[in-house]
Every structure is written in structure tokens, then in C-alpha cells.
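Here is a small set of exercises to work through with the model open beside you. Try each task before you read its solution.

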Amino acid sequence: MSETATMADGQAGAIGPGRLVLVVGPSGAGKDTLLRLAQAACADDHDIVFPRRIVTRESSADEDNVALGPDEFRRACEHGDFAVHWDAHGHSYALPLDINDDIRAGRTVVANVSRTVIGALRQTYADVVVVAITAPPDVLAARLAARARQSDGNIAERLSRSVDDRSAQADVTILNAGSAEYHARQLVRVIRNEGWQD
């Protein structure tokens, strides 16, 4: 499995003043569930943006992304349509370039990304908060098995993956092993810069 990240050309310096909240964690941790609940809780706040990722995989009930074929994705990369893009688990992923406009306008942008891109994003944006969503290994394995998504590949391999990069360390960790609603409220507090403990 290879993971690589590329930032859009010409992105030097720290883009701000808005915040970039990066949600990361292992497959099966419940990132998409918590993001969906957090997005619903923030629906009336126009200063919080949840961009749709671009992925070379079809959308699912749990993951609302813009699906592109590999050739379309490559052309969009060449055209500079992405703020950041990376490859992981046999697919290509990206965040749209217009997140930069949101951050320059002072908005908070919340996105699910690979841990491998955190270092590059910390260098590109002025205010980055990394939220790691995790769960005990047995819970992760059960969730991956239950969703039975063909593109998940080898579950044991996905569960054993680690990223050895100090810049990828989380600022906040949420152990998502209880009520999704409770943990989504924790995430919303981080997004709104209110701390995260109840």
C-alpha cells in the first residue's frame, strides 16, 4: 500500500485566518458517522464548511464524496483543481481548491484526510487542528467487517497501518466506542473552538 500527498502548486506560506480541522483515524473508527452528525449540528453556521472530498471510488451511504474516474482525477490534478491530493488503499483522494477561499475568508473548514498529509497541511495553513477518531481494535475490526466494502481490501492490513511522523500527531483524540451522538458533540466543540470535554 502506498500513500502519497501533493499540495497544489504555488501554495507557499500560511493560508489563514480561518481554521482547518482535519479528522483522521483508522478505517472503521466512525469518522464519517461523526462528521455527518457534526455537519448536521453545524448546518445553520455558515462559517463552518464541510467540503466534499473527491475520490476515485463511488459514494456510499456513509461517505458523501464526489466520485471521479482515475483519468478525470488525473486531469483535475494537472489543472490545479485541488488544494491537496493523495493516494491511499488503491484510490486517489483530494480536497477542492476552494477550501482556500473559505479559510482566507475566516471560515472553519472540516475535512476527513489521510494522516500522511497532515505535515504538508500544517505547513500550508496557519491554523490547523488535528482530531484523531479511534476505537479499540476489536471494535474497528467489527465495524470494517460489518460494512463489507469491497474497496476496504485486507482488514488486518488496514488495522495494522501506522504513520510514523511527528507532524501527524493529533491535537485532540476522541475514543469513539460509545454513543455516536456524544462523540459527535465532542467533535462539534472542537470545530467551534470550545474545547472538547463536556
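A polar contact is a pair of N or O atoms within 3.5 Å, where, within protein, one must be able to donate a hydrogen and the other to accept it. Keep that cut-off at hand for the first exercise, and bear in mind that this is a predicted model.

**Exercise 1. A polar residue in a strand**

Task: Find asparagine 112, decide whether it counts as buried or exposed, and work out which side chain it joins in a polar contact.

Solution:
- Start with the location: asparagine 112 lies in strand S8.
- Next, take the accessibility. Buried means under 20% relative accessible area, so asparagine 112, at 9%, counts as buried.
- Now look for the partner. The side chains of asparagine 112 and aspartate 32 are joined by a polar contact of 3.3 Å.
- Finally, list the surroundings. Setting aside residues up to four places away in sequence, asparagine 112 touches Val23, Lys31, Asp32, Leu35, Arg53 and Trp86.

**Exercise 2. The parallel sheet and its helices**

Task: Write down the strand order of the five-stranded open sheet, then say which helices pack on it.

Solution:
- Begin with the order, which is S3-S8-S2-S9-S10, with parallel pairing.
- Then look at the edges. Strand S3 (48-49) and strand S10 (172-175) each have a single partner strand, so one side of each is left without a neighbour in the sheet.
- Take one pair in detail: strand S9 (residues 128-134) runs parallel to S10 and is joined to it by four bridges. Threonine 134 has leucine 175 in S10 as its bridge partner.
- Add helix H1 (residues 31-41), which packs on the sheet and touches strand S2 (19-24), strand S8 (108-112) and S9. The direction of H1 makes about 155° with that of S8.
- Add helix H7 (residues 180-191), which also packs on the sheet, touching S2, S3, S8, S9 and S10. Its direction makes about 165° with that of S10.

**Exercise 3. Checking helix H7**

Task: Compare the expected span of H7 with the distance between its end C-alpha atoms, and find what covers its buried residues.

Solution:
- First, the length. H7 has 12 residues, which at 1.5 Å a residue should span 16 Å; the end C-alpha atoms are 16 Å apart, so the two agree.
- Second, the buried residues: His183, Ala184, Gln186, Leu187, Val188, Val190 and Ile191.
- Recall that an α-helix has 3.6 residues a turn, so residues three or four places apart point the same way.
- Third, the cover: S2, H1, S3, S8, S9 and S10 are among the elements that lie over these buried residues.
- Last, look just past the helix, where asparagine 193 takes a positive phi of about 60°.

**Exercise 4. A hairpin with a covered strand**

Task: Trace the pairing of S7 with S6 and with S4, and say how many residues of S7 are buried.

Solution:
- Start with S6, which runs antiparallel to S7 and is joined to it by six bridges. Alanine 88 stands opposite histidine 91 in S7.
- Inspect the turn: S6 and S7 form a hairpin with two residues between them, and histidine 89 there has a positive phi of about 55°.
- Move on to strand S4 (residues 54-55), which pairs with S7 in the antiparallel sense over two bridges. Valine 55 has tyrosine 93 as its bridge partner in S7.
- Count the cover: six of the six residues of S7 are buried.
- Sort them by face: His91, Tyr93 and Leu95 are on one side, with Ser92, Ala94 and Pro96 on the other.

**Exercise 5. Two nonpolar cores**

Task: Which residues of the largest nonpolar core touch the most other members, and which element supplies the largest share?

Solution:
- Of the 24 residues in this core, Leu20, Leu22, Trp86, Leu95, Val113, Leu121 and Tyr125 touch the most other members.
- Contributors of at least two residues each are S2, strand S6 (82-88), strand S7 (91-96), helix H3 (99-104), S8, helix H4 (118-124) and S9.
- The largest share, four residues, comes from S6.
- Zoom in on leucine 20: beyond its neighbours within four places in sequence, it is in contact with Ile103, Val109, Leu121, Tyr125, Asp127, Val128 and Val129.
- A second, separate core has 22 residues, including Phe50, Val172, Ala184 and Val190.

Key. Residues are numbered from 1 along each chain as its sequence is written. This is a predicted model: local features need pLDDT of at least 70, side-chain atom pairs count only at pLDDT 80 or more; totals for chains, interfaces and linings use all residues. Side-chain values use heavy atoms; hydrogens and water are left out. Two strands pair if DSSP finds at least two bridges between them. Contact means heavy atoms within 4.5 Å. Axes are lines fitted to C-alpha atoms, for helices over the stretch in contact, and angles run from 0 to 180 degrees between N-to-C directions. A nonpolar core is a set of buried Ala, Val, Leu, Ile, Met, Phe, Trp, Tyr and Cys residues joined through side-chain atoms within 4.5 Å. Buried means under 20% relative accessible area, exposed over 50%, partly exposed in between (1.4 Å probe, protein chains only). The expected span of a helix is 1.5 Å times one less than its number of residues.
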